[in-house]
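Colleague: I would like to learn how to read the inside of a protein model. Please start with the terms and then go to the case.

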Amino acid sequence: MDKSCLPPVIGSLLLLLLSTSAARASEPGVAPFTLAYSFSGSGIPFSINAERTLRPVGNGQWEMQIRARNMLGEIRETTRFNWAGQCLPQSVYYGNYRRGFGREREAALVLDQRNDLATLTRNGEFSREFEIGARTTDILSQTLALQCLLQRGESGTTTLDVASERRREPMAYRRLGEERVRTAAGRFNAVKLERVRDDDSGRRTLLWFAPELDYTLVRMIQDNGDDEYELELKRR
């Protein structure tokens, strides 16, 4: 049958189905937010206030940023990505900026999805290149992927294809159950995740997501063996 001669009713139904599918594909995996956190850790004599934001920036792209600053310096991490498929923040850019004690450092990782290539520059100078895939996200966006998957009922081990300044690697997270956590923003029943590591270095990454806050990240601990850092929700 000639598709150009479809009856008007059938043609209208097809257009409706196509427009509905396109709308669903463009829906964000996680709604925009602006949240306040506190950051503390080894070698830091006091906690630092940090802001974590997610917003659309046009052309189907989204930006998430974590920014912490005080009179001594500033830390800023930024990611830009497209929501691709189910809960996949497909990264196009990751930036890491550090300023303090008279020193300044900036790294930028550009992810060229068309050519499957990531290019890293440090302070504006070329550093390295490495291959990426169609499902590569970045070290910062992965928390959004985990939040999105939890919102959709994911309960098993999740493996993400993650790019960072150092390399591209698979990162797996397993669910440890639920736990009551106390933060400056309140007490929450939270889903606890742990990064699965192959080595015996003693490093641990733990994350808590609160279902009552649409699985917002309310706490994260990074234990590197010799030092430990913690991010905690302060205000919502």
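Modeller: For linings, Ala, Val, Leu, Ile, Met, Phe, Trp, Tyr, Cys and Pro count as nonpolar, Asp, Glu, Lys and Arg as charged, and the others, Gly among them, as polar. This is a predicted model, where local features need pLDDT of at least 70 and side-chain atom pairs count only at pLDDT 80 or more, while totals for chains, interfaces and linings use all residues. Residues are numbered from 1 along each chain as its sequence is written, and side-chain values use heavy atoms, with hydrogens and water left out.

Colleague: How many cavities of 30 Å³ or more does a search of the whole structure find?

Modeller: Rolling a probe the size of a water molecule over the atoms shows where empty space is left. On a 1 Å grid over the protein atoms alone, a cavity is a set of points where a 1.4 Å probe fits but cannot get out; a pocket is an open set with protein on both sides within 12 Å along at least five of seven lines; lining residues have an atom within 4 Å of a point. Grid points are joined across faces, edges and corners, and a volume is the space filled by probe spheres set on the points. Here the search finds one cavity of 30 Å³ or more, with about 70 Å³ of space. Its lining includes Leu146, Tyr173 and Arg175, and divides into five nonpolar, three polar and two charged residues. Helix H2 gives the largest share, three residues; helices (H or I, at least four residues) and strands (E, at least two) are DSSP runs, numbered from the N terminus.

Colleague: Which residues are closest to the centre of the largest pocket?

Modeller: The largest pocket has a volume of about 1,400 Å³. Of its 40 lining residues, Glu77, Ile139, Gln142, Met220 and Gln222 are the closest to the centre. The lining holds 20 nonpolar, seven polar and 13 charged residues, and strand E11 (residues 168-183) supplies the largest share, five.

Colleague: Which residues have the most contacts inside the largest nonpolar core?

Modeller: In soluble globular proteins, nonpolar side chains tend to be buried together. A nonpolar core is a set of buried Ala, Val, Leu, Ile, Met, Phe, Trp, Tyr and Cys residues joined through side-chain atoms within 4.5 Å; buried means under 20% relative accessible area, exposed over 50%, partly exposed in between (1.4 Å probe, protein chains only). The largest core has 51 residues, and Leu54, Leu109, Leu144, Phe209 and Val218 have the most contacts inside it. Helix H2 (residues 142-151) contributes the largest share, six residues.
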